[in-house]
Amino acid sequence: MNSTSGADDIDMAAPQNRAGLPLVSLDQAHSPQKVLAHGELLRRFVAGLEIKPVHMRIGIMGACNMRCDFCNFHSPNEEQFYDLFSFKDSIATDKAVTLLREFAANDGRAVTFCGSGECTIHPGYTDICRAGHAAGLRVGLITNGSRLGRPKVADCVAETHTWVRIGLNAGTEATFDDITHDREQTFSRFVGAVGRLRESAVDPDFRIGFNYVITLRNHREIVRAAHVARESGAHYVRFEPEFYSALGHETIASVMPEIAEALTTAAALSTEAFEVSVPKLDRGPMDQVEEVEGDFEHCHYSRFVTAVGADGNLYPCPQVHLNSRYLIGNVVEQGYAEVLEGGPRAAWEASNPRRTDLCKSCFYRPQNELLELLRRGRIRLDEALDAYALEAPGTLHGDFV
């Protein structure tokens, strides 16, 4: 990267595919440049001052009602990495409510329910969401979609959520059932449930869409899945290649030309009302390798976003949560503010090696590289903020950095 002060060079940190693969195409809601919507936080960050995370990613339980073949938490490829995962873990409703209120009181703005399990099967999911919303938090959900048709969950989502992303992962019901081991006819209900939620949602910025993890078993249904997503009434379908911490995208390397062609075809289905998101397809491993990807030494992104596992522990980001090397402290037992500012986080960061010794690649590499360039002064903050304001004057879901 060449030294620059040009505002146009904020694109230097954008994700790109190598030659021969489709161009990366991310809609505004998933743009890695959304951090530029937070000018005051960035000024403090560039000046080396303390800031608090504005977005929390949280898994309130480890259990799930599906058993997807590609799930990291059940894969033999990840038995060593997610060493703290347990399907028995769960954060009690009252403690989850307390945690979200504490987060909101400490400059938190948005919460995404995700994690190692399926959050919507938690018996207190709707109560937790309503409490977080009442505390001023915007609410997002990553889900397998199995509970979205149930009135209690559907009403809660429509009344309190800003966005929902559903695991599609197949273009036919037969393949969906085969690779997810679903027994609730979830796939067949996507079309009706998604359209109804889009129409009934209260938040004017509400978005609902699909995520598709590309594997050897489903890569030939990419185009069909894009059609299903569009016909369902979704705002978008977002594709991502299967990833394991010690393998990267190696499991699908042999069929990458087919995947690239299918994604190009699927992208042509985009309209003003429906977007097809094409991902970075060649990300390398992050664990048990020597090669380091990305021009940054420390994880800056964890200053803006944090993660909580179903074990109640705080982690730097959702990519590494439930790994003991990244455990910072238990926010359910000790309190969010106490862990964040009272010593555990500072102690972890002081004792922890550089990011280049832990995370060789990074899902949030574009964000981290942009933040690194801003911190170094190789991109001037004021020019970057002005350029972004012109490009995205009303950032969609800006609090979900």
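Reader: In what order do the 10 strands form the open sheet?

Author: The order is S7-S6-S5-S4-S3-S2-S1-S8-S9-S10, and the pairing is mixed. Strands, like helices, are DSSP runs numbered from the N terminus (at least two residues of type E for a strand, at least four of type H or I for a helix). The model is predicted: local features need pLDDT of at least 70 and side-chain atom pairs count only at pLDDT 80 or more, while totals for chains, interfaces and linings use all residues. Residues are numbered from 1 along each chain as its sequence is written, and side-chain values use heavy atoms, with hydrogens and water left out.

Reader: What makes S7 and S10 the edge strands?

Author: Strand S7 (275–277) and strand S10 (329–330) each pair on one side only. Two strands pair if DSSP finds at least two bridges between them.

Reader: How do you know that S4 and S5 pair?

Author: There are 5 bridges between strand S4 (residues 161–167) and S5, and the definition asks for at least two, so the two strands count as paired. They run parallel. Two of the positions can be named: Gly 167 stands opposite Asn 211 in S5, and Ile 166 has Phe 210 of S5 as its bridge partner.

Reader: Which strand is joined to S5 by 6 bridges?

Author: That strand is S6 (residues 236–241), which runs parallel to S5. Here Phe 210 stands opposite Val 237 in S6.

Reader: What makes the crossover from S5 to S6 right-handed or left-handed?

Author: A crossover is right-handed if, with the strands pointing away from the viewer, the path from the first strand over the helix to the second runs clockwise. The chain goes from S5 through helix H7 (residues 222–232) to S6, and this β-α-β crossover is right-handed. S3, helix H4 (residues 151–160) and S4 also make a right-handed β-α-β unit.

Reader: Why is S4 called largely enclosed?

Author: Buried means under 20% relative accessible area, exposed means over 50%, and partly exposed lies in between (1.4 Å probe, protein chains only). In S4, 7 of the 7 residues are buried, so the rest of the structure largely encloses this strand. S5 is mostly covered, with 7 of its 8 residues buried.

Reader: What makes Phe 190 and Phe 210 an aromatic pair, and of which kind?

Author: Rings of Phe, Tyr and Trp (its six-membered ring) pair if their centres lie within 6.5 Å; planes under 30 degrees apart count as stacked, over 60 as edge-to-face and the rest as tilted. The centres of Phe 190 and Phe 210 are 5.3 Å apart and their planes make 65°, therefore they form a pair of the edge-to-face kind. The pair links distant parts of the chain, with Phe 190 in helix H6 (residues 186–200) and Phe 210 in strand S5 (residues 207–214), 20 residues apart. Phe 190 is buried at 3% relative accessibility, and Phe 210 is buried at 0%.

Reader: How many aromatic pairs does the structure hold?

Author: The structure holds 15 aromatic pairs. One of them joins Phe 73 and Tyr 82, at 4.6 Å centre to centre with 50° between the planes; the angle is neither under 30 nor over 60 degrees, so the pair is called tilted. Phe 73, at 16% relative accessibility, is buried, and Tyr 82, at 11%, is buried. Both belong to one aromatic cluster with Phe 81, Phe 85 and Tyr 326.

Reader: Where does the charged end of Arg 375 sit?

Author: The charged end lies over the ring of Phe 45, 4.1 Å from its centre. A charge sits over a ring if NZ of Lys or CZ of Arg is within 6 Å of the ring centre and within 35 degrees of the ring normal. Arg 283 lies over the face of Phe 243, at 3.6 Å from the ring centre.

Reader: Is Arg 345 buried or exposed, and why?

Author: Arg 345 has 6% relative accessibility, so it counts as buried. This residue is found in helix H11 (residues 344–351). Beyond its neighbours within four places in sequence, its contacts (heavy atoms within 4.5 Å) include Pro 53, Ser 302 and Ile 328.

Reader: How does Gln 185 count at 45% relative accessibility?

Author: Gln 185 counts as partly exposed because its value is 45%. Its place is in the loop between H5 and H6, and its phi is near 55°, a positive value in a residue other than glycine.
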